[in-house]
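This report goes through the nonpolar cores, one helix and the surroundings of a DNA strand. The sequence and structure come first.

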Amino acid sequence: MNFECLKNEFLNREFSELNDRQREAVFSVSGNLLILAGAGSGKTTVIINRIYFMLKYGDLSSVKCSDELLRMLVRGFEDKKSLSDFSEALNFDPILPEDVLAITFTNKAAKEIRERLEAKLGEKADRIWASTFHSMCAKILRIHAESLGYSPRFAIYDSDDTKRLIKECIKSLNIEEKILPVKSCMSHISSAKDSLLDSFGFKMKYENDFKMSRISQVYDMYEDKKKKSDAMDFDDLVMNTVKLFKKHPKIRRQYMERFKYVMVDEYQDTSESQHELIKMLTGKNGNLCVVGDDDQSIYKFRGADVDNILSFDKYFKDVKVIRLEQNYRSSGNILSAANAVISNNSSRKSKFLWTSSGDGCKIRVHVSYSEHDEAEIISKEILEGVKNGKKYSDFAVLYRSGIQSAVIEKLLTRNGIPFRVIGNVRFFERKEIKDILSYLSVINNPNDEIRLRRIINRPNRTIGDRTLSSIAEVAQKNNRSFFEVISNCSKYRELQRASYKITSFSSLMNVLIEANKDGMALHDLYDLVLEKIGYIDFIKSSEDDPNPRIENINELRNYILVFESQRGDGASLAEFLEEVSLVSDSASSEDEQDFVSLMTIHASKGLEFPVVFLPGFEEGIFPSQQCIYEPDSIEEERRLAYVALTRAKEKIFILHSTSRMTYGTTSHNKPSRFISEIPSNLLEITKSKDWKKLAASDRIPPSNKQVRVKSVVLARSFGSITRKPSFPVKTNVLFRRPGIEKEQDQIV
DNA sequence: CCCTGGCCGCTTTTT
DNA sequence: GCGGCCAGGG
């Protein structure tokens, strides 16, 4: 018996709940490691255990052991002791929590990691940096803001702010919006930033391209205005951190030395800029562990580059690759189907999911005659399942595109099935919430022009476009900020006429700014803002049904209270805004927990359900029309299909319809190619009866009794319920909307 | 400055 | 088929 073997015996016993591959990943501490984690292969468990292992043992490969000690260990092993009981004798060198950086994409994932680490490690876990790319960058940039010419209080613009600002730039450059739509301009600028192309580089690159050089003008102006507003957009957070590290090698070294062990989750979703950031943090010889699945790369459209994971071993030295292929989620037939579909992709690392559990049931493919019929079949199957002891929450309906949900919502409602649409409008993006947050942002950073413009006439103060542009003009001419101009507007002749209105607004704001400076508690400031601006009355007078909005406003107050109780006394406005700007996470419901989940396939990544319905498996829907003639895009769609299939634990229903109404016109789509890529022996095909041949009585959609179903629009924070509140946005809409009856007539 | 009617356009989404 | 957005009239 040598030490190496004995050590493994100890560790295998301690980590016996893991499989061999998982253990290998957990024990590989030093050097660069790529973990290719298939769907449902216990990825997060590996991440948690690996950090746990590092903090407990460090890198055991360098530990030496004398003969005498070895005999002691053998005895210890027989006495069921753990290797850590010999820590002093073996003199191993644990890694400190502050040496570890764990990066994820979403707050939800970061939170899960933090919670699971806390459960396993106790308070030590707090010292580990576990955060998203963006919050990590924001944290670093706040510290070094001045080196890049920002103040530490810089604002963070979300896509709505960004859009408004870009729109303004397009306007003031006198570019026809028809030639250059804001959306396309925004996405060009965003993807430039994803690949670290700043406005200067952009200008150089596209000198000879007419359209792109117009965009370059916008890019220039956008950057300029944003800088003057002391603000960064989401893409800036990453790009500016890279810039900071390039410009100040000392600062870079400081972080490289600090984060001795770096882990990145969902590496297939990284963009070029994020990849570069990781390179700068770890260097060529760092200890970098990335986890991901190239087959689940579905975010190319927002800058993700699969190549970062596919060519990981080219970018980093001496990479050890570990594949996690044992699946703990789905039955055999589901995995066979998923494997078969994904094997049609050419650019991928080979991987083959397997399970030790049985084949399970076949994959049911159902051919319906319309999208109504399709939704009806789903409803029937759910009711049938519930009759046989399943819960509503065992079911999920996953679709390619959000527009598919409407019909399904309708028929589920009609059948009295409780459901929720996950990921529609997010809490912090609601108009009333953005309005109030904009007030708070301006109080924190009066230079934030875009948000100042948003609120200056909300509630109405009859300060219109005219006045706004003359303020902007004056600001430009006198080289003053927008806020400075409105605070002293009586001094400017051009603003004389509107002076009274503007001054009453600016003095209001100045009162609020002072209140904040005096250290007023956050929730008191919030109340003061609402009261001073008369926002509730404004909502009451301008909305047909003000209640949902008022509920949201109250909910924001709750959120502040929770924030204050977490942070203790010193909870500052700046900290609050930081959290809010990076957290899209939102409401969860207090009451009913048993509901069917409806969401896009994208939103379902990482989740699992016993029974999964996949409506709209048709050419033109999925794969979507735009992708059909592009091989690369088809591969991305196929990965999406792979994600969809691997969500299911027990049963999959794939549905396609011989006719479907989209955008007001009826189309007849062929079944999706992804269906034919599944071996037919795994399929069980059923068909709706031809509706024309049905007796008239059978054609009436079943129950039209008015069932009260609450459909709450949830953000993606599903499962992690931290606050009680809910936002019943869509309660009963379906029955109040006229036209349903009409709709039924059409079917009959 | 606000309201309303007509017109366009329309995957996927986190931060 | 529907909603968001812009232009034009009140």
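## Nonpolar cores

A nonpolar core is here a set of buried Ala, Val, Leu, Ile, Met, Phe, Trp, Tyr and Cys residues joined through side-chain atoms within 4.5 Å; buried stands for under 20% relative accessible area. The model is predicted.

The largest nonpolar core has 54 residues, and those that touch the most other members are Phe428, Leu440, Met509, Leu556 and Phe576. Leaving aside residues up to four places away in sequence, Leu440 touches Leu525, Tyr526, Val529, Leu573, Phe576 and Leu577. A second core, separate from this one, has 45 residues, including Phe15, Leu90, Ala130 and Val291.

## Helix α18

Helix α18 covers residues 371–387, 17 residues in total. From first C-alpha to last it reaches 24 Å, close to the 24 Å expected at 1.5 Å a residue.

Among the buried residues of α18 are Glu371, His372, Asp373, Glu374, Ile377, Ile378, Ile382 and Gly385. At the start of the helix, the backbone nitrogen of His372 has a side-chain oxygen of Ser370 within 3.1 Å. After α18 comes Gly389, with a positive phi near 100 degrees.

## DNA strand C

Which residues surround DNA strand C? They are Lys167, Glu177, Tyr663 and Gly664. Of the strand's atoms that come within 4 Å of the protein, 45% belong to sugar and phosphate.

By class, the residues of the surface near DNA strand C comprise 1 nonpolar, 1 polar and 2 charged. An N or O atom in the side chain of Lys167 is 2.7 Å from a phosphate oxygen of the strand.

Note on methods:
Residues numbered from 1 in each chain as written. Chains lettered and ligands numbered in written order. Predicted model: local features only at pLDDT ≥ 70, side-chain atom pairs only at ≥ 80, totals over all residues. Heavy atoms only, no water. Near = heavy atom within 4 Å. Polar contact = N/O pair within 3.5 Å; in protein donor to acceptor, adjacent residues only side chain to side chain. Nonpolar A, V, L, I, M, F, W, Y, C, P; charged D, E, K, R; others polar. Buried < 20%, exposed > 50% of the residue type's maximum accessible area, 1.4 Å probe, protein only. Contact = heavy atoms within 4.5 Å. Helix = DSSP H or I, 4+ residues; strand = E, 2+ residues; numbered from the N terminus. Expected span 1.5 Å × (residues − 1).
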